[in-house]
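Before turning to the open spaces of this protein, it helps to begin with a single side chain and to work outward from there. Please keep the structure in view while reading.

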Amino acid sequence: MMMKFPPDFVWGAATAAYQIEGAWNEDGKGESIWDRFSHTPGKIANGDTGDVACDHYHRWRDDIALMRQLGLKAYRFSVSWPRLLPTGSGRVNLAGMDFYDRLVDGLLAANIEPYITLHHWDLPQSLYDKGGWINRDNLYHFTDYAALLVRRLGDRIRRWTTFNEPGVIAWAGYLSGEHAPGIRDERRLCRQVGHHLMVAHGLAAQAMRAANPALEVGIVLSQWGVDPASDDPADLAAAANAWDAHETFFLHPLFAGHYHPLSYEVLAQEMPEIRPGDMALIAQKLNFLGINSYSRSVISASRGRLELISGSEYTEMGWEVCAPALRRMLKKISQDYQLPPIYITENGAAFQDVLSPDGKIHDERRLDYLRQHITQVRLAMQDGVDIRGYFVWSMLDNFEWAHGFTKRFGIIHVDYATQKRIIKDSGEWYARLIAANQVE
Ligand code: FCB
């Protein structure tokens, strides 16, 4: 089936500063919690670090040329907070500012719209040393950082995201400890961090709008669908409860103005401390919502979250491939809440890639994953969900957090030894899709 997209649909690709930039201590950049974490033995697969990563800090011009070759209409990237403010607040590192200035100018010259994310996890280490997201002062440091960037880049960038996946910052940073800062089993703290991130989002949104009322401000949430293991009423109820208690932890405050009543029941003592005024700050109107989605959870009343669905395909991350779940989830959230326009800000797949003798990467499985998911995005639009754009994760293979360089998500292959880039078959396919503005 051939499905056209609206003429102004935004086709893009996404990255994040720590995952691609490298130059971790160059030109006055300060240390981030991800620098510290990756330099701590045992935290990252193979002892990999983002010290060099894709060397994008030096190769950004070539990377823009590649984006152009793909015909991208938009590029979603994040700013390294300690590159701009080495200790998180106070003194500005002008060389860091210049880097983003040039990057944005380069994108605009190539006719690619920049979508900027203020925080994609690389908190300045000095702020973490003062308590980081546990300390409410941090919220104001973030707000100052946001306003500073708006004053500098607000004339050239229209769409601004405060946080990428506050849930992952809180859960992976404070519960599983798989991500920086690597704290484990702090259930209460993890919810408090989640809440503080949301208040910081609200404060920053206010400050950004005050600095430039023409901006569009949004946030990016990780939102996977939740399906029941069977039609059994017990499984249906378990899946519905899992969604309400856990998956709405950010959606509900943002768009209903309070935490879900079931969160209070299920999470009980783990719920965060809320100060007067917090919820109003969190729930202020947004211009768009970014959704990152890769897979789904399947819930059984007796067995909890199922690890393996027989007959399903899994990616290298161990994530089930289930594209129709994306459409169901998008429909559900837009029925349950009064949402602003949605952008799919991340979607993609890690598979092992093989460099063929013909010098190409024939990544049929990634291509097929993208085709299936883009099709479901289009079907969700047909259902009435207001989706304005889609960004592949990722433009380049990159540093996949605790997995280091072992997981390749790119539509462009990176040889980390030589930094040579090769557009994969999925990238060539995506370029054709963009040019035709339709998925087949
Ligand atoms: C998301 C992150 C992104 C990348 C993908 C695979 O949770 O936002 O940086 O790691 O997962």
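In this predicted model, the side chain of Ser293 comes to 2.8 Å from the backbone oxygen of Gln223. Ser293 itself is found in the loop that runs between strand S8 (288-292) and S9. Because its relative accessibility is 2%, and the limit for a buried residue is under 20%, Ser293 counts as buried. Leaving aside residues up to four places away in sequence, Ser293 is in contact with Gln223, Trp224, Leu326, Met329, Glu346, Asn347 and Tyr369, so that the partner in the 2.8 Å approach, Gln223, appears in this list together with Trp224.

Trp224 leads on to the largest pocket, for which a volume of about 1,400 Å³ is computed. Its lining is made up of 50 residues, and those closest to the centre of the pocket are Val168, Trp171, Ser222, Trp224 and Arg305. Two or more lining residues come from each of helix H8 (166-174), helix H9 (187-211), strand S6 (216-222), helix H10 (233-247) and strand S9 (296-300), and it is H8 that gives the largest share, with five residues. Sorted by class, the lining of this largest pocket holds 25 nonpolar residues, 13 polar ones and twelve that are charged.

Met329, another of the residues that Ser293 touches, leads instead to the second largest pocket, where it belongs to the lining together with Gly225, Val226, Asp227, Pro228, Leu236, Ala239, Ala240, Trp243, Ala325, Arg328 and Lys332. This second largest pocket contains about 200 Å³ of space. At least two residues of its lining are supplied by each of strand S7 (225-228), H10 and helix H14 (323-336), and H10 is also among the elements that give two or more residues to the lining of the largest pocket. By class, the lining of the second largest pocket consists of eight nonpolar residues, one polar residue and three charged residues.

A last point concerns the cysteines. A disulfide is a covalent bond between the sulfur atoms of two cysteines. With a cut-off of 2.5 Å between cysteine sulfur atoms, the count of disulfides in the model is zero. Cys54 is buried because its relative accessible area is 0%, under the 20% limit, and Cys322, with a relative accessible area of 14%, is therefore buried as well.

Key: Residues are numbered from 1 along each chain as its sequence is written. This is a predicted model: local features need pLDDT of at least 70, side-chain atom pairs count only at pLDDT 80 or more; totals for chains, interfaces and linings use all residues. Side-chain values use heavy atoms; hydrogens and water are left out. On a 1 Å grid over the protein atoms alone, a cavity is a set of points where a 1.4 Å probe fits but cannot get out, and a pocket is an open set with protein on both sides within 12 Å along at least five of seven lines; lining residues have an atom within 4 Å of a point. Grid points are joined across faces, edges and corners, and a volume is the space filled by probe spheres set on the points. Helices (H or I, at least four residues) and strands (E, at least two) are DSSP runs, numbered from the N terminus. Ala, Val, Leu, Ile, Met, Phe, Trp, Tyr, Cys and Pro count as nonpolar, Asp, Glu, Lys and Arg as charged, and the others, Gly among them, as polar. Buried means under 20% relative accessible area, exposed over 50%, partly exposed in between (1.4 Å probe, protein chains only). A polar contact is a pair of N or O atoms within 3.5 Å; within protein, one must be able to donate a hydrogen and the other to accept it, and residues adjacent in sequence count only if both atoms are side-chain atoms. Contact means heavy atoms within 4.5 Å.
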